[in-house]
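Visitor: I'd like to go through this one by asking how each label is earned. Could you put the model up first?

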Amino acid sequence: MFSTANRRNLQNLHSLRIGCWNACGLRRQFDEAYFRGTCIFFKKALVHYQIPTPELESTEATIINIGNKNQISFISIYCKTHHRFNTNDINKLLNVNRYVIIAGDFNATHAAWNNVKDNQKGIQLNKFLNTKQNLKIIAPNSPTRFSPSTPHTVNILDFAIFQNIPYNANTNVLTELNSDHLPIIIDVEMSKPPHTAPHNFNTNWHDYNYHLQSTDLNSFTIDSKESADKAIKNFTNAMHTA
């Protein structure tokens with residue numbers, strides 16, 4: 001139904017036409033040769049209109065509303081790399097409508113969306129999202145960005161935030177296009193009955209670590225397949241009950 005984009009070389013944005021798709025977006029001068037910005041491609045047949053982007057400090061975004069009743073706001077986002085992360089920007093975008101999908105490059109890494117390491121932006125974003133209800137992160141399990149200068153550095157920077165969207169979604173990362181960011185397909189299962197999203201909760205990692213360390217996990221001698229299976233079962237049970 002729609003696609004988001006954010007790149008440094010977005011040009012002639014309003015003249016883009018691809019088959020039965022139209023585009024709308026915002027672009028800004030990056031330097032003498034390049035533009036950067038955000039963009040949303042959408043099917044021409046969709047009932048839609050673009051709404052103004054609120055004033056943002058360290059984020060660029062394009063917003064369109066789709067539908068007649070219970071409109072959903074689709075937001076293409078780019079969180080600037082060398083700027084201080086501002087959770088107020090995210091809050092402003094979530095407040096544009098009751099039903100919101102934000103997707104794009106957040107430049108934030110955190111274990112909550114399947115990264116190995118947390119960066120400062122990821123810690124701030126995760127802390128902010130845990131204060132909200134009816135939000136969920138839709139992120140792939142495989143990296144979406146490969147660093148050209150350090151090929152061993154891979155991260156999941158591109159994902160989506162759903163607000164009051166009562167459907168499950170699947171993600172698929174494609175190894176296509178000539179970019180250090182890989183495209184992602186997010187398939188929202190709107191053909192299935194909607195579900196009620198559980199309330200967010202905060203994990204007390206200090207207590208979890210304490211209970212896990214107080215569990216005797218070293219009492220097994222692994223010298224056979226049976227003893228290995230028993231040790232794995234014991235460790236799994238300890239993680240679930242901590």
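Visitor: What makes strand 5 count as mostly covered?

Guide: Strand 5 spans residues 59-66, and 8 of its 8 residues are buried. Buried is under 20% relative accessible area, exposed is over 50%, and partly exposed sits in between, with a 1.4 Å probe and protein chains only as cover. Strands here are DSSP E runs of at least two residues, helices are H or I runs of at least four, and both are numbered from the N terminus. Bear in mind that this is a predicted model, where local features need pLDDT of at least 70, side-chain atom pairs count only at pLDDT 80 or more, and totals for chains, interfaces and linings use all residues. Residues are numbered from 1 along each chain as its sequence is written, and side-chain values use heavy atoms, leaving out hydrogens and water.

Visitor: How do you know which faces of strand 5 are covered?

Guide: In a regular strand, side chains alternate between the two faces of the sheet. On one side of strand 5 we have T59, A61, I63 and N65, on the other E60, T62, I64 and I66, and all are buried. Both faces are covered, then.

Visitor: Why are strand 5 and strand 6 called paired?

Guide: Pairing takes at least two DSSP bridges between two strands. Strand 5 and strand 6 (residues 72-79) have 8, in the antiparallel sense, so they pass. T59, for one, stands opposite C79 in strand 6. The two strands form a hairpin with 5 residues between them, and G67 in that turn has a positive phi of about 110°.

Visitor: What about strand 4 and strand 5; how many bridges join them?

Guide: There are 3, joining strand 4 (residues 48-50) to strand 5 in antiparallel fashion, so that pair qualifies too. Q50 has I64 as its bridge partner in strand 5.

Visitor: Why is N164 called buried, when its place is in a loop?

Guide: Because its relative accessible area is 18%, and the cut-off is under 20%. The loop lies between strand 11 (158-163) and strand 12 (169-173). Leaving aside neighbours within four places in sequence, N164 is in contact (heavy atoms within 4.5 Å) with R98, Y99 and N134. A polar atom of the N164 side chain lies 2.8 Å from the backbone oxygen of R98.

Visitor: And what makes T221 buried or exposed?

Guide: T221 comes out at 60% relative accessible area, so it is exposed. T221 lies in the loop between helix 3 (205-213) and helix 4 (225-241).

Terms used:
Polar contact = N/O pair within 3.5 Å; in protein donor to acceptor, adjacent residues only side chain to side chain.
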